[in-house]
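Thank you all for coming. I would like to walk you through one structure this morning, starting from one of its ligands and working outwards, so please have a look at it first.

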Amino acid sequence: MPSPEIPARSRWTGHCRQQAEEGGGIVRISVIGTGYLGATHAACMAELGFEVIGVDIDPAKIERLARGELPFHEPGLAELIVKHVESGRLRFTTDYAEVGGWADVHFIGVGTPQRSGEHAADMRYVDAALTSLAESISKDALIVGKSTVPVGTADRLAGLLAQLRAANGLPGTVELAWNPEFLREGFAVKDTLTPDRIVVGVASEHAEQVLREVYAAPLAADTPWIATDFPTAELVKVAANAFLATKISFINAFSEITEAVGGDIRTLADAIGHDARIGRRFLNAGVGFGGGCLPKDIRALQARAAELGLTSTMRFLSEMDAINLRRRERVVDLAVDVLAADAGHRRAAPVQALQGARIAILGVAFKPDSDDVRDSPALDVANRLYTLGADTAVYDPEANANAAARFPRLDYVDSVEEALRDADLAILLTEWREFRELDPARVAELMATPRLIDGRNVLDRDAWAAAGVPVVGMGQKVVHGAPA
Ligand SMILES: NC(=O)C1=CN([C@@H]2O[C@H](COP(=O)(O)OP(=O)(O)OC[C@H]3O[C@@H](n4cnc5c(N)ncnc54)[C@H](O)[C@@H]3O)[C@@H](O)[C@H]2O)C=CC1
Ligand SMILES: O=C(O)[C@H]1O[C@H](OP(=O)(O)OP(=O)(O)OC[C@H]2O[C@@H](n3ccc(=O)[nH]c3=O)[C@H](O)[C@@H]2O)[C@H](O)[C@@H](O)[C@@H]1O
């Protein structure tokens, strides 16, 4: 398992404590919501030298974190949580009253999922967190939103905060700021401790100064600092995710062309990526993007634009979404083609081709080094194949349990060898290192009919074919189940 680069301890820890002791500055931080973002932020704030309390409404999650256990997979984070729970610098609670009179800065990192049956973000968790804080803070403090929100949220919440504070008459002046988060799962610790940039939406010099103190360590390492207004800060976040999603769908749209006429999508991506204005990153064609953020963020942005009377402005994102979802259908169609070719059917109905076929599913997490299956293309494909009658043997190094909680009827197995044994077809859907480093000769021995669909275009097709396992990739022209 690759461990993230954690900056040298001497450079970071103790820095803030010393600063606070000298100048009476920021010492105590609360982080509201201890999911993928909040647990990482809390542990990293402790690593920077602050005293931290993580608050969540989920008692089971809080109990595990308080024991130093991480309820999800994120390289390097469990170690950091253990380290700071043991040092006493990091604690967890379900009780807002514990942080209201204690913390100087309260970060909000609760979820903003897609609303059921709609594109818009569900803001009820952010609103509830802000309300709970407003009703429990009893000293001067700064509330800092980190959740990804529709533009206009910070202005609205600042109004709500003023109203609630006036109504409850608690002591202390409480201000709001917005500080979007850009971390990637799988690299969360590194991205938090050494971010590419820090963006803060602030309404006063005081708020900016407080945040400069919180982020003094990364700032000392010359991290770009962008202090701006609320709407710009909120929009930077969704613009970044919309751009990344667009880049992935752009290359996947070209995949559809190379699938029709031939050509090599990987070479195409390399060639355009050499142009520094374009860049090679996020041009990996495959089964497309998923996760708890890119899909719901591009949908929420369209919904917000429509509310603002700008429906056409963000309409292109609905096309990006559609291209992305078609990639999942493409993998299912490829599996049907490959298996139908066995029976000599040119155009078999999916159910006919898949019925009873044993398919090894390699990976169900939405990306490697994560156990997150939210809107995972891999899990979606596995479930579609199962629903069409295939006998799916699913293996993911970390995400089997989360996948089983979502789709319990799939057959989850404990090793890649077990998944491949006697399989009629294997499909690589999450590019874990374990799969990238598979020995094709061993795969050939295990499978009933050695052949593989590479949903992430990460295998050396010639080497695998030479070892007896023909590989079909994404963006490749395929005729009767075989590369054209
Ligand atoms: N997961 C990621 O990599 C990143 C997430 N974000 C954004 O951060 C936000 C959180 O995302 P995740 O951490 O992935 O979500 P998550 O679902 O893993 O965690 C959210 C946590 O908030 C807790 N919660 C809900 N209501 C609460 C309340 N009233 N008080 C206290 N806790 C409450 C939930 O129990 C849960 O533990 C979202 O807006 C997301 O778009 C931004 C950048 C990266
Ligand atoms: O707002 C968020 O939560 C985060 O969303 C993404 O981070 P993350 O979802 O962790 O993962 P990415 O590495 O962006 O991958 C997203 C999806 O795109 C897919 N992808 C990525 C790159 C690529 O070239 N092709 C491709 O299909 C991945 O497999 C994955 O399913 C952004 O990269 C983060 O900057 C952002 O903070």
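Around ligand 2 in this predicted model there are 21 residues, and the closest of them are Glu185, Asn284, Phe289, Gly291 and Cys293. If we sort that shell by class, we find 10 nonpolar, seven polar and four charged residues, and its largest share, three residues, is supplied by helix 12, which runs over residues 230-261. Where does ligand 2 lie with respect to domain 1 and domain 2? Because domain 1 (9-228) and domain 2 (230-484) both give residues to the shell, ligand 2 lies between them.

That brings me to the two domains themselves, which are those given by the domain assignment of the protein. Their centres, taken over C-alpha atoms, are separated by 34 Å, and where the domains meet, 27 residues of domain 1 are in contact with 25 residues of domain 2. On the side of domain 1 that touches domain 2, helix 8 (153-168) and strand 7 (198-201) each supply at least two residues, and by class this side has 15 nonpolar, nine polar and three charged residues.

Let me turn now to the other ligand. Ligand 1 is surrounded by 27 residues, of which Gly33, Gly35, Leu37, Ser147 and Thr148 are the closest. Helix 3 (36-47) and helix 7 (124-134) each contribute at least two residues to this shell, with helix 7 giving the largest share, four residues. The classes here are 11 nonpolar, 11 polar and five charged residues.

I would also like to pause at a single residue, Ser30, whose place is in strand 1, residues 28-32. Is Ser30 buried or exposed? Ser30 counts as buried, because it has 28 C-beta neighbours inside 10 Å, where 20 or more are needed for that label. Leaving aside residues up to four places away in sequence, Ser30 touches Ile53, Val55, Val99, Ala103 and His106. Gly54, although 24 residues apart from Ser30 in sequence, is 5.7 Å from it in space, C-alpha to C-alpha.

Finally, a word on the record: an unreviewed UniProt entry carries the annotation "domain: UDP-glucose/GDP-mannose dehydrogenase C-terminal" for residues 360-461. In the model, the chain over residues 360-461 is 34% helix and 17% strand, and the C-alpha atoms at its ends are 18 Å apart.

Definitions and conventions:
Residues numbered from 1 in each chain as written. Chains lettered and ligands numbered in written order. Predicted model: local features only at pLDDT ≥ 70, side-chain atom pairs only at ≥ 80, totals over all residues. Domains from an automatic or database assignment. Contact = placed C-beta atoms within 7 Å. Nonpolar A, V, L, I, M, F, W, Y, C, P; charged D, E, K, R; others polar. Buried ≥ 20, exposed ≤ 12 C-beta atoms within 10 Å, placed from the backbone. UniProt positions renumbered as here; feature names shortened; annotations may be inferred. Near = placed C-beta within 6 Å.
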